[in-house]
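Reader: Hello! I'd like a close look at one part, please: which residues have the most contacts inside the largest nonpolar core? Please start from the basics and tell me what surrounds that part.

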Amino acid sequence: MMRFDKIGSFGLTEPLVGSAASGGMTTTCRREGDSWVLNGEKKWIGNATFADINVIWAREETSNQVRGFVVTKDNPGFSVKKIENKMALRVVQNGFITLKDCRVPERDRLQNANSFKDTAKVLRMTRAGVAWFAVGCAMGAYEHALRYAMQRIQFGRPIAGFQLVQDLLVRMLGNVTATQCLMLRLGQLQSQGLMTDEHASLAKAYCTVKCRETVGYARELLGGNGILLDNHVGRFVADAEAIYSYEGTREMNTLIVGKAITGLSAFV
Amino acid sequence: MSQQTSLARKLDYSVPPPDGDFYRIANLLDDSESAIVKRVQDFMELEIAPIIDDYWARDKFPFEIIPKFAALGIGGIGYRGYGSAGGSMLLQRLHRHGVSTRRFVNRHVLGRAYRPCGRFDLSLRR
């Protein structure tokens, strides 16, 4: 997989269970001899329509603990269809997976994944990654907007020289720079083995909020031309909606941080 | 002569190149890390940027880029060992041209291995 000879996907989210995955997963698994039998559905699974390997998370019927399994695309109990008509991340092929008496050998069970706490370790990593996505997306939108502002002529001069346009550009640059510096420090914490769930959650929540704001400023700066896909920023606006919500919504990541700083859980 | 050229000459306006790395965060990387980031950035600008709008509009995935992604040697973003490239700065560079293609790599990396100790690492000098 490191060489992209095999493509993978990560199947956690379900049609009826997103934020509540930790305690409400409906995809089940049960042991039968040397195999496990999986039943359930997964939704929004990126790459699943063509992935060779799908990591599927399921709740064990007897223990109620979440376990992880490697399910190959040729498994007779595995089927997938593409989710159509998305407005965001349209290049990503998200799959709706159906598992029907999907039989997986014990050797393909993730041996170190014995509860949702282990799943959460992965989410900590991915949320930090998504925060970086947000920084890059915002940076790209800012650069597109700046380039446009320097080329677009109104009233006989580039709009980059107008006060309100510079205000938008500097707001964008402030967001980009601030989130970049935040992520720099998060990277240091991660390198030192000190990054916690709440560290990653704060980064994910904050950077995606700022990204969403920044791409909106970029679209605004481009005016009507900002809704043309040829000018790119409209695509950034649409895609920012997805990165704002996935990998833990802003709300869920907020509650993770809230619990950490107050000691009080406000999840439900 | 284009309107822009005419105006630029009239105003003696030299255009600074757009660069979102205002505080020079990339300067914190060492030479080998910078080389990887540059390789990725060049790839995104040469291979992805020219095609991504079209694929996005058509709700299609550019499968032809998979071997090209493989040639970048970044399949192990966020992991140590296995010859991985490490480095979270890469994630930022992959997203400067939009989020979609990076999401493909992200989903692939998540499915690649369950490594709860996987770490994103800016590889700062210690």
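Author: Happy to help, and one definition comes first: a residue is buried if 20 or more other C-beta atoms lie within 10 Å of its own, exposed if 12 or fewer, and partly exposed in between, with C-beta atoms placed from the backbone. By that count, 50% of the 268 residues in chain A are buried. This is a predicted model, in which local features need pLDDT of at least 70 and side-chain atom pairs count only at pLDDT 80 or more, while totals for chains, interfaces and linings use all residues. Residues are numbered from 1 along each chain as its sequence is written, and chains are lettered from A and ligands numbered from 1 in the order in which they are written. The model scores ipTM 0.88 and pTM 0.86.

Let's set the scene. Chain A has six helices and nine strands; helices (H or I, at least four residues) and strands (E, at least two) are DSSP runs, numbered from the N terminus. Its C-alpha atoms fill a box of roughly 80 × 40 × 35 Å along the principal axes. The domain assignment, which is automatic or from a database, splits chain A into domain 1 (8–108) and domain 2 (116–262). Their C-alpha centres are 30 Å apart. Eight residues on the domain 1 side are in contact with eight on the domain 2 side, where contact means that the C-beta atoms, placed from the backbone, lie within 7 Å. The domain 1 side of chain A that touches domain 2 has six nonpolar, two polar and no charged residues. In that tally, Ala, Val, Leu, Ile, Met, Phe, Trp, Tyr, Cys and Pro are nonpolar, Asp, Glu, Lys and Arg are charged, and the others, Gly among them, are polar.

Now to your core. A nonpolar core is a set of buried Ala, Val, Leu, Ile, Met, Phe, Trp, Tyr and Cys residues joined through C-beta atoms within 7 Å. The largest one has 66 residues, and A145(A) and A218(A) have the most contacts inside it. Two or more residues come from each of α2 (116–151), α3 (163–191), α4 (197–222), α5 (233–245) and α6 (250–262) of chain A, and also from α2 (31–58) of chain B. Helix α2(A) gives the largest share, 20 residues. Both domain 1 (8–108) and domain 2 (116–262) of chain A contribute residues, so this core lies between them. Zooming in on A145(A), and leaving out residues up to four places away in sequence, this alanine touches L169(A), M172(A), A218(A), L221(A), L222(A) and V233(A). Apart from this core lies another of 28 residues, including A51(A), W57(A), V66(A) and F116(A).

Next, some of the surroundings. Helix α3(A) has 29 residues and reaches 42 Å from first C-alpha to last, close to the 42 Å expected at 1.5 Å a residue; the expected span is 1.5 Å times one less than the number of residues. Just after α3(A), G193(A) takes a positive phi of about 75°.

The loop between α4 and α5 of chain A deserves a visit too. G226(A) lies in this loop and is buried, with 21 other C-beta atoms within 10 Å. Not counting residues up to four places away in sequence, G226(A) touches R219(A), E220(A), N231(A), V233(A) and G234(A). So V233(A) is a contact of G226(A) and also of A145(A). H232(A) is in the loop between α4 and α5 as well, and with 25 C-beta neighbours inside 10 Å it counts as buried. Most residues other than glycine have a negative phi. The phi of H232(A), however, is positive, near 75°.

A word of care about chain B, which supplies its α2 to the core. Its mean pLDDT (the predictor's confidence in each residue, from 0 to 100) is 69, and 49% of its residues reach 70 or more. Among its elements, α2(B) has the highest mean pLDDT, 90, and helix α5 (residues 100–112) the lowest, 51. Over residues 109–126 of chain B the pLDDT is below 50, and this stretch has 63 contacts beyond near neighbours in sequence. Where pLDDT is low, the predicted coordinates should not be read in detail.

Technical notes: Two residues are in contact if their C-beta atoms, placed from the backbone, lie within 7 Å.
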